[in-house]
Amino acid sequence: MQLYGLKACDTCRKALKQLPEAQLVDVRVDGVPTEVLERALSDFGDKLVNTRSTTWRGLSEEERATPALELLHTHPALMKRPLIEKDGQLFLGWDKSVQAALGVS
């Protein structure tokens, strides 16, 4: 199980604590493989880009108009976190529905 996120992200730390078998992939350091990002964009669409983040607010209108895949490669911290890959299936965020789907109570 891979958990794509940030070491300093509180939500990612909560998820890692409840998913001890998950391996953290720090998106700032290691990035997210293109094929994973493409699948996530296909599965989650616009929800994958966190438009409430500080990084987003710091972007110009021109940068915001960049296609999501390119934007996430350039600014990986813009991705909503965590993105969890388990057995070929992707989960986004750490809400009750994701926790239930992963068998965490």
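Modeller: Helices here are DSSP runs of H or I with at least four residues, strands are E runs of at least two, and both are numbered from the N terminus. By that count, Pro82 sits in the loop between helix 5 and strand 3.

Biologist: What kind of model is this?

Modeller: It's a predicted one, where local features need pLDDT of at least 70 and side-chain atom pairs pLDDT 80 or more, while totals for chains, interfaces and linings use all residues. Numbering starts from 1 along each chain as its sequence is written, and side-chain values use heavy atoms, leaving out hydrogens and water.

Biologist: Back to Pro82, then. What makes the peptide bond from Arg81 to Pro82 stand out?

Modeller: The bond is cis, with omega near -10 degrees. Most peptide bonds are trans, and most residues other than glycine have a negative phi.

Biologist: Which residue that is not a glycine has a positive phi?

Modeller: Asp87, with a phi of about 50 degrees. You'll find Asp87 in the loop between strand 3 and strand 4. Gly45, just after helix 2, takes a positive phi too, of about 60 degrees.

Biologist: Why is Asp87 called exposed?

Modeller: Its relative accessible area is 76%, and exposed means over 50%, buried under 20%, and partly exposed in between (1.4 Å probe, protein chains only). So Asp87 passes as exposed. Arg52 earns the word as well, at 73%; look for Arg52 in the loop between helix 2 and helix 3 (54-57).

Biologist: What is the distance from Arg52 to Leu78?

Modeller: In sequence, 26 residues; in space, 9.1 Å from C-alpha to C-alpha.

Biologist: How do you know that the buried residues of helix 2 are on the same side?

Modeller: Start with who they are: Val36, Leu37, Ala40 and Phe44, in a helix spanning residues 34-44. Around the axis they cover an arc of only 95 degrees, so they end up on the same side of helix 2. That arc is taken from the directions from the helix axis to the C-beta atoms. Glu35 and Ser42 are exposed on the other side.

Biologist: What do the buried residues of helix 2 pack against?

Modeller: Strand 1 (2-5), helix 5 (68-74), strand 3 (83-86) and strand 4 (89-92). Contact here means heavy atoms within 4.5 Å. From strand 3, Leu83 touches Val36, Ala40 and Phe44, among others, with residues up to four places away in sequence not counted.

Biologist: Why are strand 2 and strand 4 called edge strands?

Modeller: The sheet is open, with four strands in the order 2-1-3-4 and mixed pairing. Strand 2 (23-26) and strand 4 each pair on one side only. Two strands count as paired if DSSP finds at least two bridges between them.

Biologist: What makes strand 1 and strand 3 a pair?

Modeller: They share three bridges, in the antiparallel sense, and the cut-off is met. Leu3, for one, has Ile84 in strand 3 as its bridge partner.

Biologist: How many salt bridges are there?

Modeller: Three. To count, a side-chain nitrogen of Lys or Arg has to be within 4 Å of a carboxyl oxygen of Asp or Glu. Asp10 and Arg13 come in at 2.6 Å, Glu85 and Arg39 at 3.1 Å, and Glu61 and Arg64 at 3.5 Å, so each pair qualifies as a salt bridge.

Biologist: What does the pair of Glu85 and Arg39 tie together?

Modeller: Parts that are 46 residues apart in sequence, because Glu85 belongs to strand 3 and Arg39 to helix 2. Glu85 has 17% relative accessibility and counts as buried, whereas Arg39 has 30% and counts as partly exposed. By contrast, Asp10 and Arg13 are three residues apart in helix 1 (residues 10-18), about one helical turn. Glu61 and Arg64 are also three residues apart, in helix 4 (residues 61-64).

Biologist: Which residues of the largest nonpolar core touch the most other members?

Modeller: Of 33 residues, those are Tyr4, Met79, Leu83, Ile84, Trp94 and Leu102. Such a core is a set of buried Ala, Val, Leu, Ile, Met, Phe, Trp, Tyr and Cys residues joined through side-chain atoms within 4.5 Å. Helix 2 gives this core its largest share, four residues.
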